[in-house]
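Take a walk through this fold, one sheet at a time. Keep the viewer open and follow the strands as they come up.

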Amino acid sequence: MPGPCTGLTVLDFSWGMPGALCTLVMADFGADVIKVEPPVGDPFRFQPAWISWNRGKKGVALDLGTTEGCAHAIELIGAADVLVESSRPGDMAESGLAYDTLSQRYPRLVYCSITGFGQKGPLARVKGYEGVVAAKAGRMINLQGQPNRDGPVFSAVPTGSWHASQAALRGIIAALRVRDVCGRGQWVQTSIVQSLASPHDNNVGDGGLVNVQMQRRDPKFARAPKGRGNSSIGYIPVRTKDGAWLQHANQRVPHIQGHLKAIGLGHLLEDERFAKVPAITPENRELLRREILKKQLEKTAGEWMEIYLQDGEIAAEPYRNCIQAMDHPAVLANSTVAAIDDPRVGPLRTLAPLVELPDTPGTQSGPAPDVGQHNSEVLGGSRPAAASGRLQEAAVASTPAHPLSGVTILDLATIQAGPYAASMLADLGARVIKIDATDKRLDEGRRSSAQALADVRTYAGKESMQVDLQTPEGKAILHKLIAKADVLSHNYRLGVAERLQIDWETCRRINPRMVYAWMGTYGEHGKHARRPGAHPIPGAIMGGAVRQMGRGMPPPPETVMDTEDIVEATRWIMKSNWGPDQNTSAAVATGIVLGLRARDISGKGQPVSVTMLNANAWTNADEYYDYSNRPPITVPDAEIHGLNALYRLYRCREGWVFLGCLFEDEWQTFCRTVQRPDLLADRRFATREARQDNDEALIAEIANIFAGRDAAEWEDLLLKADIGCVRADEALEGEFYADHPHAKANALSVEVDHPTVGKHLRYGGLVEFSLTPGRYKASAQIGQHTKPLLREIGYDDQQIEDLGRRGIVQWADRAIGGEP
């Protein structure tokens with residue numbers, strides 16, 4: 001069968017990475033995507049990855065500053081299902097292409113806007129480059145302490161752009177679902193600032209929204225020194241005999257102890273100081289760390305990996321960059337890289353389709369278009385007109401309350417990647433039932449009110465029940481739920497689902513319409529398929545962590561290092577490896593909505609497979625590509641200030657700023673505004689290429705400029721000149737999202753009421769809708785809804801009590817002393 005987006009016409013007016021990735025997924029799954037550019041081309045064509053982001057699309061050049069260009073645009077929109085744009089608020093209105101105008105003429109149009117800072121508020125018109133957004137919103141000051149210097153730290157991997165791209169895509173697919181019900185399109189809005197913080201606010205020791213609120217409730221709740229602590233023993237990076245670096249990712253006690261045994265340190269488990277690892281004192285943890293680091297210097301990375309592969313239960317991988325990632329055996333075995341021929345660069349290795357839908361597969365196509373390449377085909381041909389005019393009152397009356405109203409999801413996933421994906425869909429109105437094991441209790445999962453607040457990301461908006469799936473009665477309960485559900489999502493290792501009788505074949509027999517979502521680290525094929533994995537593994541393999549480490553890290557093989565040097569290097573390395581879980585969540589949620597759309601078309605369910613490796617390839621889409629003589633991977637400087645002189649952090653007389661100055665006109669305006677027109681006459685800086693060749697000299701010049709005033713003064717002066725320059729140390733991330741007037745104007749945090757914590761703030765929605773709003777709730781207590789859910793599927797109170805006595809189910813009062 002064709003892909004779930006087949007038959008859709010999508011107009012992509014966007015510039016840059018977020019919109020391009022959004023429409024690329026749609027193109028891979030069958031949509032006819034038309035890239036609309038000005039006659040001089042998308043200004044982001046200077047980025048080498050542009051040809052990767054825009055493969056499989058047609059290209060049209062229109063001058064929206066002319067009457068003829070606008071007329072052509074409106075004609076194209078009349079035949080389109082979806083329009084995607086990334087202009088600053090108000091810019092599309094200047095061409096007569098604002099949503100309010102177009103929706104009157106084409107009420108079925110789904111119109112998606114992706115901005116940097118959102119549609120409203122004092123920052124709405126600030127240049128929305130990810131670095132500018134991340135600096136202003138507190139992301140960079142939250143990373144303080146990764147390198148050995150004070151001040152904010154550049155965030156190298158564009159996670160905000162990635163999450164915005166997928167929030168937009170989920171919003172579009174959900175809005176199309178609503179249109180299928182009521183006949184009406186709507187305005188879908190997302191932004192980098194909406195998508196930046198929520199996915200990563202999971203650590204109660206950082207400067208996120210959780211920590212900020214806990215400090216305000218209890219001043220004794222101190223913020224941990226960000227970036228200074230070493231990794232856990234399970235997540236330890238190590239240096240090997242050949243100077244390579246391995247990242248471990250062992251979460252469970254058997255895997256951690258298995259690692260010690262495999263490297264020849266099993267005898268330490270007999271030492272009372274280490275016997276209960278990982279539950280040992282900080283002092284003993286550091287002693288054990290040094291024993292491991294010394295031991296792993298005895299063999300090469302290849303020798304250790306051979307031992308680990310033979311064992312099969314130890315999670316570890318060597319660090320790679322984004323190009324090296326494409327040759328990992330699991331990437332090749334699971335088709336996580338695609339190859340196309342591009343007339344500009346020749347053979348191009350690039351992103352594979354994001355998720356696997358075996359019945360309605362995605363197919364990469366290419367190459368990306370030249371400017372206006374398809375003008376005659378697209379503008380000259382006859383295209384069917386979209387329905388216009390007034391909607392029937394009956395259609396409006398049937399509008400769903402929320403984008404995913406009526407969808408029920410069974411969430412059996414654990415840790416972060418899968419559960420957060422389901423929480424994203426709960427925010428869109430899906431009913432999500434979280435199924436936890438009966439042995440998950442307060443001491444494991446809900447240790448404190450701080451943890452309860454952090455659980456908003458993985459339990460938000462869900463109903464929660466506890467069932468022992470190891471028992472026949474527990475399996476029977478879940479099968480009754482499967483019969484009524486639309487989606488089942490899990491991340492069990494291969495073979496576990498069959499043992500628990502919740503595999504695809506079993507679910508399909510019970511409910512042929514089910515969308516069955518599975519997420520794994522490596523994928524279903526190849527020698528790595530059954531290995532354990534957690535978030536540091538895709539971070540190490542796919543290149544994101546190496547980008548965040550900065551130039552010169554990890555230390556190259558020839559570097560002479562003693563044990564304490566290695567300890568410090570491992571701290572720096574692990575602190576660079578954040579985000580892969582949540583990056584995967586976005587892909588899982590997208591896979592589910594694509595699966596639902598395919599089912600709406602065909603009437604049949606199917607499996608949906610997502611790997612952490614592929615999700616993180618897409619997150620690193622600005623570097624995950626390769627061709628002959630491709631430019632080197634761009635990494636920050638050694639102290640992680642930024643990528644180049646015009647996209648980096650600078651220390652001011654007081655405070656820090658981030659400067660985002662990507663284009664020639666911005667460079668000229670900057671020089672004039674800071675009263676340095678002489679820089680424009682300097683041949684070292686006359687062109688983009690010259691500035692690149694003389695980057696260190698330009699950094700020195702600009703550093704001297706910024707040292708002359710305070711950060712707040714520079715922000716005020718340069719924003720008035722429409723230059724992307726913001727103070728980067730004004731507020732921690734959580735403080736910005738809780739307090740800043742811009743956050744309040746865009747509902748970047750919303751108040752919810754938790755059953756034990758009370759009223760608190762959680763992050764707002766990642767995507768907003770003009771017709772069918774999202775639904776934002778607090779997290780559930782584990783087991784809070786066990787009893788009502790059992791009653792719903794036919795169990796009476798006597799049966800429920802019996803199941804509880806026998807430990808087959810558990811509910812909140814049994815788990816944490818509260819009322820059911």
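**The seven-stranded sheet**

An open sheet of 7 strands runs in the order 17-16-15-12-13-14-25, and its pairing is mixed. Strand 17 (606-611) and strand 25 (809-810) stand at the edges. Each has a single partner strand, so one side of each is left without a neighbour in the sheet. The model is predicted, and what follows should be read with that in mind.

Start at the strand 17 edge. Strand 16 (residues 515-520) pairs with strand 17 in the parallel sense, over 6 bridges. One residue pair to look for is Trp518 with its bridge partner Ser609 in strand 17. Helices pack here too. Helix 22 (residues 472-484) touches strand 12, strand 13, strand 14 (462-467), strand 15 (487-490) and strand 25. The direction of helix 22 makes about 150° with that of strand 14. Helix 29 (residues 612-619) lies across strand 16 and strand 17, and runs at about 60° to strand 17.

Now step inward. Strand 15 and strand 16 pair in the parallel sense over 4 bridges. Val487 has Val515 in strand 16 as its bridge partner. On its other pairing, strand 15 is joined to strand 12 by 3 bridges, and these two strands run parallel. There, Val487 in strand 15 is the bridge partner of Ile409.

Is strand 15 covered on one face or on both? Both faces are covered. Val487 and Ser489 are buried on one side, and Leu488 and His490 are buried on the other.

Continue from strand 12 (residues 408-411) to strand 13. The two run parallel and are joined by 4 bridges. Ile409 is bridged here as well, with Val432 in strand 13 as its partner. Strand 13 (residues 431-436) is mostly covered, with 5 of its 6 residues buried.

**The three-stranded sheet**

Move to another sheet. Here 3 strands form an open sheet in the order 7-8-9, with antiparallel pairing. Strand 7 (237-239) and strand 9 (316-318) are at the edges. Each has a single partner strand, so one side of each lacks a neighbour in the sheet. Neighbouring strands of this sheet are turned by 25° against each other on average, direction ignored.

Strand 8 (residues 245-248) is joined to strand 9 by 3 bridges, and the two run antiparallel. His248 has Ala316 in strand 9 as its bridge partner. Helix 27 (residues 563-575) packs on the sheet and touches strand 7 and strand 8. The direction of helix 27 makes about 60° with that of strand 8.

**Helix 12 and the loop after it**

Helix 27 also meets helix 12 (residues 282-295). Their packing angle is about 105°, and their axes are 10 Å apart. The two helices are therefore roughly perpendicular to each other. Arg289, Arg290, Leu293 and Lys294 in helix 12 meet Thr563, Glu564, Ile566, Val567 and Thr570 in helix 27. By class, this contact has 3 nonpolar, 2 polar and 4 charged residues.

Next comes the loop between helix 12 and helix 13 (301-311), which holds Gln296. Why does Gln296 count as buried? Its relative accessibility is 0%, and buried means under 20%. The side chain of Gln296 makes a polar contact with the side chain of Tyr308, at 3.1 Å. Leaving aside neighbours within four places in sequence, Gln296 is in contact with residues including Val238, Arg239, His248, His259 and Trp304. Of these, His248 is the residue bridged to Ala316 in strand 9.

Notes: Residues are numbered from 1 along each chain as its sequence is written. This is a predicted model: local features need pLDDT of at least 70, side-chain atom pairs count only at pLDDT 80 or more; totals for chains, interfaces and linings use all residues. Side-chain values use heavy atoms; hydrogens and water are left out. Two strands pair if DSSP finds at least two bridges between them. Axes are lines fitted to C-alpha atoms, for helices over the stretch in contact, and angles run from 0 to 180 degrees between N-to-C directions. Contact means heavy atoms within 4.5 Å. Angles under 35 degrees count as roughly parallel, over 145 as roughly antiparallel, 65 to 115 as roughly perpendicular and the rest as oblique. Ala, Val, Leu, Ile, Met, Phe, Trp, Tyr, Cys and Pro count as nonpolar, Asp, Glu, Lys and Arg as charged, and the others, Gly among them, as polar. Buried means under 20% relative accessible area, exposed over 50%, partly exposed in between (1.4 Å probe, protein chains only). A polar contact is a pair of N or O atoms within 3.5 Å; within protein, one must be able to donate a hydrogen and the other to accept it, and residues adjacent in sequence count only if both atoms are side-chain atoms.
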